[in-house]
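Hi,

Here is the model I promised to pass on. Have a look at it first, and my notes follow underneath.

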Amino acid sequence: MKEEKENNKLAKWLDGRMTDEELREFEALPGFETYNKIKAFSGALTAPDVDIDTLYQNVTRHKNRKSSVRKLNPWFAKIAATLLLTLGLTYFFYTTHTTNTVAETGARTEFLLPDHSSIVLNAGSEAEYRTWNWDNNRIVELNGEAYFKVAKGKKFDVVTPLGTVTVVGTQFNVKARGNRFDVTCFEGKVMVNSNGEEIMLTPGQSVSFEDGKNIIVPLEEAKQPGWITYEVAFHSEKLTNVIAEMERQYGLTISLPEDVYSPFSGALPMNDLDTALDNITSIYHLKAKRTGDRIVLTSE
Amino acid sequence: MKKNSLSGICEEITFSNFFKDHVKSLRNYLFYKFGNEEQADDVTQEAFIKLWQNCADVPPEKAKSFLYTVANNTSLNHIAHQKVVLQYAKRNTHVHTDEQNPEFLMEEEQFKVKLQKAIAGLTEAQRTAFLLHRIDGKKYHEIAEILGISIKAVEKRIHGALVELRKEIENMR
């Protein structure tokens, strides 16, 4: 307690807050003389001068430089990063983005490629291509059948699971169904590559592969594939393939009794089910019974 | 400081005035702390730079405490400190001007040297508080604000400093 009071005393004295009585008491103490000298001489002490102007200049100079580095940088970096990311993503999506066109069974789709080449997709077919850099990279992946009217330009490839067709400014039909691969050229030149075999087609010529084997097909006299006008010509086609084509075109299910049938050659209308069915049933001696979307063929 | 409070210390004139008002105290305080002018100047600069960089977030009435807080935090990195070297003002070095006999003057000079040595030997806490009062004429409550301690603690440090100084000086005799 006494110590505490003593503590306050010296600080109080230095601050000039002692009462007269306290002061008299303190002055009588042996240490007073030294304390008084300390007070007097310490009051005459000075710290080294401050060069205020230089300090201020340094502060303002640093302030401008540092703030420009510290505040502008993240702002700039953020924008730059966002831009880069956006660009990168856009580029990625743009280059890898594919356009997919599908023709459902019983329907067909006609569409234009970026160079205005036109493609007619036959029923139950699918075409996929990239719009990016199309003019230098004209590739269409095809699953099914399509008729191409290709605009003039560089190489044009149709890639199917059964082979690749390469063309230069031409009109041609490609059909890749199951194990059957047919290409018919209507104008210009077509290069067909299947199973490592390269065949050049000129207008009117066709090439067909059944299970990878080349089948001789007569010259095509028409100016465009028959299916475009709903008249499909078959050449030594398996009856199952013919039936499958009819299913796609009419959007029906057709069941055929298990049997050995001779290949079908001839034309079938694809917009007149009764006539087409009549043709098939009269040639193969079958009977047709229709219930809704289902047709059952039975032996006569 | 009270005017211009709308635009705050971001206003160059406000900042400039604030700087002039406080630069000397801050620099001296740091000098008592480090005993090194260069370090004191550096930290002073740094504290004011930080203040200006954050001027938008620091209201004028908080500027002073912000300044000393930054200075104290920055000081943590400046561990090594040197002996504080102080000068006596050229004028008014004599306590008793009426007793200027040579013997007395010599004794006085001796005392001054002893006092300087004793001050250099104080702890940092005692020295800063004591010198802020003696040289900068800071009131105890101002010192408390600068050091971030209570007035009572300031008085304790001042008292401790005086006791220590007397002891040192008398031991040197």
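Let me start with a hairpin in chain A: strand 3 (residues 109-112) and strand 4 (residues 118-121) run antiparallel and are joined by 4 bridges. Strands here are DSSP runs of E with at least two residues, helices are runs of H or I with at least four, and both are numbered from the N terminus. Two strands pair if DSSP finds at least two bridges between them. Across this hairpin, Glu110(A) stands opposite Val120(A). The hairpin has 5 residues between its strands, and His116(A) takes a positive phi near 70°. On from there, strand 4 of chain A also pairs with strand 6 (residues 138-149) of chain A, antiparallel over 4 bridges, with Ile119(A) and Phe148(A) as bridge partners.

Before I go on, a word on what you are looking at. This is a predicted model, in which local features need pLDDT of at least 70, side-chain atom pairs count only at pLDDT 80 or more, and totals for chains, interfaces and linings use all residues. Residues are numbered from 1 along each chain as its sequence is written, with chains lettered from A and ligands numbered from 1 in the order in which they are written.

There is another hairpin in chain A, where strand 16 and strand 17 (residues 294-299) pair antiparallel over 6 bridges. Lys287(A) stands opposite Thr298(A) there. This hairpin has 2 residues between the strands, and Gly292(A) has a positive phi near 60°. Strand 16 (residues 286-291) of chain A lies largely in the open, because 0 of its 6 residues are buried (buried means 20 or more other C-beta atoms within 10 Å of the residue's own, exposed 12 or fewer, partly exposed in between, with C-beta atoms placed from the backbone).

Now chain B. It has 7 helices and 1 strand, in the order α-α-α-β-α-α-α-α. Of its 173 residues, 39% are buried. Helix 1 (residues 12-34) and helix 2 (residues 37-53) of chain B have axes that come within 8 Å and cross at roughly 145° (axes are lines fitted to C-alpha atoms, for helices over the stretch in contact, and angles run from 0 to 180 degrees between N-to-C directions). The residues of that contact divide into 12 nonpolar, 2 polar and 3 charged. Nonpolar covers Ala, Val, Leu, Ile, Met, Phe, Trp, Tyr, Cys and Pro, charged covers Asp, Glu, Lys and Arg, and the others, Gly among them, are polar.

How many residues does each chain put into the contact between A and B? Chain B gives 39 residues and chain A gives 30, where contact means C-beta atoms, placed from the backbone, within 7 Å. On the chain B side, the largest share, 10 residues, comes from helix 7 of chain B. By class, that side has 19 nonpolar, 9 polar and 11 charged residues. The two chains also share a strand pairing: strand 1 (residues 45-46) of chain A and strand 1 of chain B are antiparallel over 2 bridges, and Leu45(A) has Tyr88(B) as its bridge partner.

Finally, confidence. The model scores ipTM 0.80 and pTM 0.48. Chain B averages a pLDDT of 82, and 84% of the residues score at least 70 (pLDDT is the predictor's confidence in each residue, from 0 to 100). Within chain B, strand 1 (residues 87-88) is lowest, at a mean of 74, and helix 5 (residues 124-134) is highest, at 92.

Cheers

Technical notes:
Two residues are in contact if their C-beta atoms, placed from the backbone, lie within 7 Å.
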